[in-house]
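Grab a coffee and work through these exercises with the structure open. Each one is a task followed by a solution in steps.

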Amino acid sequence: MNYRHAFHAGNFADVIKHPVLCELLRLLTAKDKKLFVLDTHAGAGGYDLGGALAVRTRESEAGVARLMVTPRAGMPAAVARYLAAVTAYDRKFGATTGGVRHYPGSPRLIRSALRPGDRFVACELHADEFQSLKREFAGDRAIEVREEDGYKALKSLLPPAERRGLVLIDPPFEAADEFDRLLRAMRQGLRRFATGCYAIWYPIKDEAAVETFLQGMAGLKCLHLEFRVPPLVPGKLAACGMVVINPPWKFEEAMRETLPWLANVLGGQASVTAPAPAA
Ligand SMILES: C[S@@+](CC[C@H](N)C(=O)[O-])C[C@H]1O[C@@H](n2cnc3c(N)ncnc32)[C@H](O)[C@@H]1O
C-alpha cells in the first residue's frame with residue numbers, strides 16, 4: 001500500500017466527494033433518530049496543504065483553493081456548507097483569513113456533522129495513516145478508529161444497532177482488482193443492511209472497468225455522479241464518480257444544483273443520473 005492521500009488532499013476529486021458527503025450527513029441527521037456512520041477507508045483525518053507531500057503535487061490549487069476565492073453569490077448551499085466546514089477546521093490551527101492550509105479529510109467532516117448519540121467508526125489499514133488518524137482524534141470518544149480492513153468492517157459492523165446508517169467507501173484503487181473487491185464487499189454490506197445509504201467513490205481511468213462496475217449496481221436505488229476536469233498533468237487522474245445507494249430525500253435535487261456549479265468553477269463537466277430501479 002503506497003497510496004497517501006496527502007498528495008491529493010483538497011484536489012478536484014475531494015471537492016466533489018466532500019460536499020457530497022457533507023450533504024448526505026446533513027440530510028441524514030435532519031431526522032431526530034440516531035445515525036451510524038462507517039468510513040471504510042478513512043485516511044489520515046486531516047492534511048497540511050503546506051506540507052511536503054501536498055506541495056509536491058499542488059493539486060489543491062485547482063480544487064479547494066479555487067473554490068475559496070470564488071465569489072459566494074450564487075454558490076449552492078451544499079458547497080457553502082462544505083466550505084464552512086473546511087474553514088472551521090482550518091481555524092483550529094490558527095488560520096484567520098484567506099485560503100486553506102489545513103484541510104479536513106472525510107473523518108473530520110463526518111465528525112463535525114454528528115450529533116451526540118450518533119456513532120462513528122473509521123477504518124484505516126496503512127500503519128502510518130492509521131497513527132495519524134489516531135492522533136487526529138486522540139481523546140475523542142465520539143469516534144472509534146480501527147486499524148482494520150474497511151471491506152471486512154462492512155461484514156462485521158453491519159447492520160448497525162441504530163438501523164440508520166451512512167457508509168462511505170473511498171478506496172485508493174491501487175490494486176488491479178479494486179472494483180471487483182468493492183462490488184463484492186458492497187453486496188455483502190447490502191445483504192446485511194439493505195436500507196443503509198452507501199456513498200462509493202471511484203476514479204474514471206478505464207471506462208470499460210467503470211461500466212462493468214456500474215452494471216454491478218443495476219436494480220439498486222441509486223444516484224450516479226460523474227465529474228471530469230482538464231488534466232493538471234497529462235496522464236493524471238482527471239475524472240471520477242460516485243454512486244450513492246439509497247440516497248436520502250432531497251439529495252438528488254441538491255446534487256443537480258451543486259455539480260454543474262462546481263463543474264463551471266473548476267472548468268469541467270458533471271453529470272447526475274438516476275438509473276431506473278428494479279421493477
Ligand atoms: C482515498 S484515501 C481515503 C481518503 C479519505 N476517505 C478522505 O476523503 O479524506 C484511501 C485510504 O484507504 C486506505 N486503505 C487502503 N486499503 C484499505 C483497506 N482495505 N481498508 C482500510 N483502509 C484502506 C489507504 O491507506 C488510504 O489512506
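**Exercise 1.** Find which polar side-chain atom lies 2.9 Å from a nitrogen atom of the ligand, then look for other polar contacts.

*Solution.* Keep in mind that this is a predicted model. Start with Asp-149: a polar atom of its side chain sits 2.9 Å from a ligand nitrogen. Next, go to His-41, where a polar backbone atom is 2.9 Å from a nitrogen atom of the ligand. Then try His-18, which has a side-chain N or O atom 2.8 Å from a ligand oxygen. Last, check the cover: on its own the ligand has 600 Å² of accessible area, and the protein covers 97% of that.

**Exercise 2.** Work out which residues come nearest to the ligand and what classes make up the shell.

*Solution.* Taking a cut-off of 4 Å between heavy atoms, you get 19 residues around the ligand. Those that come nearest are His-18, Ser-106, Glu-124, Gly-150 and Asp-170. Now sort the shell by class: nine residues are polar, five are charged and five are nonpolar.

**Exercise 3.** Trace the open sheet of eight strands and say why one side of β5 and of β10 has no neighbour.

*Solution.* Write down the order first: β5-β4-β1-β6-β7-β9-β8-β10, with mixed pairing. β5 (144–146) and β10 (269–273) are at the edges and have a single partner strand each, so one side of each lacks a neighbour in the sheet. Now zoom in on β7 (residues 197–203) and β9 (residues 239–245): they run antiparallel, joined by six bridges. In one of these strands, β9, you'll find Val-243, the bridge partner of Ile-200. Finally, spot helix α9 (residues 207–215) lying across β7, β8 and β9, at about 165° to β7.

Technical notes
Residues are numbered from 1 along each chain as its sequence is written. This is a predicted model: local features need pLDDT of at least 70, side-chain atom pairs count only at pLDDT 80 or more; totals for chains, interfaces and linings use all residues. Side-chain values use heavy atoms; hydrogens and water are left out. Two strands pair if DSSP finds at least two bridges between them. Helices (H or I, at least four residues) and strands (E, at least two) are DSSP runs, numbered from the N terminus. Contact means heavy atoms within 4.5 Å. Axes are lines fitted to C-alpha atoms, for helices over the stretch in contact, and angles run from 0 to 180 degrees between N-to-C directions. A polar contact is a pair of N or O atoms within 3.5 Å; within protein, one must be able to donate a hydrogen and the other to accept it, and residues adjacent in sequence count only if both atoms are side-chain atoms. Accessible areas come from the Shrake-Rupley method with a 1.4 Å probe; for residues, only the protein chains shown count as cover. Ala, Val, Leu, Ile, Met, Phe, Trp, Tyr, Cys and Pro count as nonpolar, Asp, Glu, Lys and Arg as charged, and the others, Gly among them, as polar.
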